[in-house]
Amino acid sequence: MTKRQPDSAPPARLGALATLPVFFRLAGRKVVLAGGGDGAAWKAELLAATGAQVLVFCAEPTDKMRATVSDLANVEWIARAWSAADLADASLAIGDVESDEEAQAFRDAARASGVPVNVVDRPAFCDFQFGSIVERSPVVIGISTDGAAPVFGQEIRARIETILPQGLRLWAQAAKNWRPAVLAKKFDFRTRRTFWERFTALAFSKADDQPQETDLHDLLAQIETGGADLPRGSVALVGAGPGDPDLLTVKAVRALQSADVVLYDDLVSPRTVNAARREATRIAVGKRGYKPSCTQEDITAMLVSLAREGKRVVRLKGGDPMIFGRAGEEIAGVVQAGIPIEIIPGVTAASGAAASLGLSLTERDVARRLQFITAHGRNGKLPDDLALSALTDPRATTVVYMGVKTLPLLIERLLAEGIDPATPAIAVERATWPDERRIAAPLSSLSAQVAQAQIEGPCLVLIGAALGGNLLPLRSHK
Ligand code: SAH
């Protein structure tokens, strides 16, 4: 048996590549565009955006092409068909042509001049293809599926669009602008790398802010003082939504993608926590119902101490952090410690449940009031200061959070207060999760049915005439 030597294996060879992504600088260079249709007009605009000198050859341009030519200074229309001589000294040639014969002729002419060629919608005649683009110039991301399926490429593009904040372009430009100042410091390789790592962390944590000269000075100062002055940590309270990980907001995904540490509740599904950066430390701080768990004080203290170590801390809370999430205590603790805090809203359980049920909570003429209540007071009992007259309003939709344990008592109170016993009511357990359950019944018989169902997961109780409609069937989840 041969013994494996650590680190002795050569790195695996690169797998097959359908195409090579390259990024052409075209500013000031000549590009030939043969054809004047709408498709060619879009190519003209794209090429012009790079600063290329675009020559459009065609006898009869469409209105769209005419508008492109008149709007863009570096797109020039030459009112005749292309000829082989036009391709001399061009950097790229793009043909939007009618027939395979013309495509062939165009490609042959381009090749004879040594110009890479693309013929729109005729891959057999192309040296290169245009990909989908995510533009945060100077950052430009190109996506190619090698013609497999453009829609697939567009979806990939949409996903990348969502995770890259628009402001990244400013930070990329700042990196270009600041590079000479950083080089002038003559740092060694490692230090220079540390500088750019910190720059990048800052860019992603403040992507929506304009980079400032003070940012550069602070970063340089940190490096020059031997890094003793760690970057300041921060805390984001992030709404995780009701369970389905696809219900995270774009902002929430970005926060998770740049987190160093994620503190999450029991209510947050594992797949949602998985949206966090791979390197992020994940800490469960469940304080579910009546089990022993981290206290609120422990959690707040943890947020503060992690941020003080310079970490970007994400506090991931079920639903919306500002609805029955004790956010006030965490915000106060973090603010008091002088740590920057951001709050990112989420889809609250009531919204998730309503969407899943397919019932509008404010059905016209049926509901005039929508109210979220908690049926779980400080001592775990039904709060005795609930406004029963608001809850028995026949035009109200009431969503009860944390309401299973005290449901029999709540319903008893409502009936005693004169609510119609036939008022429609629905308990929804694990709304938007793959194993969502619903129990729909007139209010007077709901608690018996809920007791029988042995609810264990998070559960909402929705009460009101608006809940009387037909329910959408349960979605089959991934
Ligand atoms: N901040 C959360 C609520 C936290 S209080 C939000 O905005 O949704 C916890 C209660 O929320 C649970 O007891 C339950 O009543 C409700 N809840 C949270 N997620 C739920 C879900 N997926 N389905 C049903 N109820 C849910």
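**View 1. D121, an exposed residue in the loop between strand 5 and strand 6 of this predicted model.**
At 75% relative accessibility, D121 counts as exposed, because the value lies over the 50% cut-off for that term. Although D121 is not a glycine, its phi is positive, at about 60°. The loop that holds D121 runs between strand 5 and strand 6, where strand 5 covers residues 117-119 and strand 6 covers residues 132-136.

**View 2. V120, a buried residue in the loop between strand 5 and strand 6.**
V120 has a relative accessible area of 15% and is therefore counted as buried, since the limit for that term is under 20%. When its neighbours within four places in sequence are left aside, V120 is in contact with K43, I94, G95 and D96. F130 may serve as a further point of reference, for V120 and F130 are ten residues apart in sequence and their C-alpha atoms are 9.3 Å apart in space.

**View 3. The hairpin formed by strand 6 and strand 7.**
Strand 6 and strand 7 (residues 139-143) run antiparallel and are joined by five bridges, with two residues between the two strands of the hairpin. One of the pairings is that of R136 with V139, its bridge partner in strand 7. P138 lies in the loop between these strands, and the peptide bond leading from S137 to P138 is cis, with omega near 15°.

**View 4. Strand 11 and the strands that pair with it, strand 8 and strand 9.**
Strand 11 (312-317) is mostly covered, with six of its six residues buried. In a regular strand the side chains alternate between the two faces of the sheet. In strand 11, R312, V314 and L316 are on one side and V313, R315 and K317 are on the other, and both of these faces are covered. Strand 8 (234-239) runs parallel to strand 11 and is joined to it by six bridges, while strand 9 (residues 261-264) also runs parallel to strand 11, with four bridges between them. V313 of strand 11 can be followed in both pairings, for V235 stands opposite V313, and V313 is likewise the bridge partner of V261.

**View 5. Helix 11, with its buried residues along one face.**
Within helix 11, which spans residues 327-336, the buried residues are A327, E330, I331, G333 and V334. Seen down the helix axis, these buried residues fall within an arc of 165°, so they line one face of the helix. An α-helix has 3.6 residues a turn, so residues three or four places apart point the same way. G328 and Q336, on the other side of helix 11, are exposed. The elements that cover the buried residues of helix 11 include strand 8, helix 10 (296-308), strand 11 and strand 12 (341-344). G338 follows helix 11 and has a positive phi, near 75°.

**View 6. The ligand and the residues that surround it.**
The ligand is surrounded by 18 residues, of which P242, I323, T348, A431 and C459 are the closest. A polar backbone atom of P242 is 2.8 Å from a nitrogen atom of the ligand, and a polar backbone atom of G318 is 2.9 Å from a nitrogen atom of the ligand. At T348 the side chain is involved, with one of its N or O atoms 2.6 Å from an oxygen atom of the ligand. Taken alone the ligand exposes 540 Å², and the protein buries 92% of that area.

**View 7. T406, a buried residue in the loop between strand 14 and helix 14.**
The loop that holds T406 connects strand 14 (396-401) with helix 14 (407-416). T406 is buried, with a relative accessible area of 8%. Apart from its neighbours within four places in sequence, T406 is in contact with A375, G380, K381 and L382.

**View 8. R430, a partly exposed residue in the loop between strand 15 and strand 16.**
R430 lies in the loop between strand 15 (424-429) and strand 16 (437-442). R430 has a phi near 50°, a positive value in a residue other than glycine. The relative accessible area of R430 is 22%, and the residue is therefore described as partly exposed, a term for values between the 20% and 50% limits.

Conventions. Residues are numbered from 1 along each chain as its sequence is written. This is a predicted model: local features need pLDDT of at least 70, side-chain atom pairs count only at pLDDT 80 or more; totals for chains, interfaces and linings use all residues. Side-chain values use heavy atoms; hydrogens and water are left out. Buried means under 20% relative accessible area, exposed over 50%, partly exposed in between (1.4 Å probe, protein chains only). The arc is that of the directions from the helix axis to the C-beta atoms. Contact means heavy atoms within 4.5 Å. Two strands pair if DSSP finds at least two bridges between them. A residue is near a molecule or strand if one of its heavy atoms lies within 4 Å of it. A polar contact is a pair of N or O atoms within 3.5 Å; within protein, one must be able to donate a hydrogen and the other to accept it, and residues adjacent in sequence count only if both atoms are side-chain atoms. Accessible areas come from the Shrake-Rupley method with a 1.4 Å probe; for residues, only the protein chains shown count as cover.
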